[in-house]
Amino acid sequence: MLRTLLITVGLCCCMATSAQFHTVMPRTTRYRIERTAQGKAGEITEMTEKAAPAELSADTALMRKQWIDSYLSVSYPLKEIYVTSPFGVRTDPFTKKRKRHNGLDLRADRCETYAMMHGIVAKTGHDRLSGKYVIVRHGDFSVSYCHLSECLVKKGDCVRPGDVVGISGNTGRSTGPHLHLTVRMGRKHINPGILLRFIDETRRQALEKLSK
Ligand SMILES: [Zn+2]
């Protein structure tokens with residue numbers, strides 16, 4: 001519960017600052033307009049333009065670019081992250097028996113679903129359990145997005161973080177609209193929460209450095 005809250009709060013902070021973030025460009029010179037009153041009191045007779053000492057060194061500009069790239073290297077899978085069912089053993093909603101949940105359920109109802117990192121679409125398909133799904137491979141691990149209403153990529157596509165891979169839905173073995181997210185390393189399922197925390201941390205660090 002606390003984890004859910006932390007992820008949600010972290011995301012809100014990022015969303016709030018992301019709009020201004022995308023417009024941040026390294027500026028090398030800044031000017032300040034200075035009004036100087038001369039002669040009679042209150043009468044403005046001169047306007048000077050002075051170059052303010054606000055130049056960014058090449059090193060600083062490069063560092064800013066690196067932090068911007070770092071920020072853009074990851075993306076949350078949805079605009080809003082709210083975990084409705086965590087990874088691990090839980091009561092199966094269909095059989096009511098204790099069973100391992102191999103992924104994470106996120107609240108989503110026909111929402112754009114984004115690639116979380118740069119990767120290649122390994123598979124798209126439709127089956128009885130996962131419904132419509134997209135699997136994206138990122139090096140050693142792969143992420144699947146399940147119960148989609150639409151797949152918007154095809155096998156072999158190269159995706160960048162934030163690219164829309166599909167629209168969430170309620171297909172397959174699902175009790176209601178949501179996004180079921182799984183992360184696999186080889187044959188082993190790992191907790192997608194780890195990846196969400198990594199995204200959170202990467203963005204938080206980048207924003208912190210950029211705001212300095
Ligand atoms: Zn699930």
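**View 1. The largest nonpolar core of this predicted model brings together 27 residues.** The residues with the most contacts inside this core are L106, M116, V134, V143, Y145, V165 and L179. Two or more residues each come from β6 (104-107), β9 (131-138), β10 (141-151), β13 (178-185) and α3 (192-210). If you're wondering which element gives the most, look at β10, with 4 residues.

**View 2. Here's a close-up of V143, one of the residues with the most contacts inside the largest nonpolar core.** Leaving aside residues up to four places away in sequence, V143 touches M116, V134, I135, V136 and H138. On top of those, V143 also touches L181, T182, V183 and L195.

**View 3. T171 sits in a loop and reaches over to K132.** The loop in question runs between β12 (164-168) and β13. From there, the side chain of T171 gets to the backbone nitrogen of K132, at 2.9 Å. Not counting residues up to four places away in sequence, T171 touches S130, G131 and K132, plus H147, L148 and S149.

**View 4. Helix α2 (residues 58-72) has the span you'd expect from its 15 residues.** At 1.5 Å a residue, α2 should span 21 Å, and this agrees with its end C-alpha atoms, which are 21 Å apart. The buried residues of α2 are R64, I68 and Y71. Those three lie on the same side of α2, because they cover an arc of only 55° around the axis. Now for the face of α2 turned away from that buried side: there you'll find the exposed residues A58 and D59.

How values were computed: Residues numbered from 1 in each chain as written. Predicted model: local features only at pLDDT ≥ 70, side-chain atom pairs only at ≥ 80, totals over all residues. Heavy atoms only, no water. Expected span 1.5 Å × (residues − 1). Buried < 20%, exposed > 50% of the residue type's maximum accessible area, 1.4 Å probe, protein only. Arc of directions from axis to C-beta. Core = buried A, V, L, I, M, F, W, Y, C linked by side-chain atoms within 4.5 Å. Contact = heavy atoms within 4.5 Å. Polar contact = N/O pair within 3.5 Å; in protein donor to acceptor, adjacent residues only side chain to side chain.
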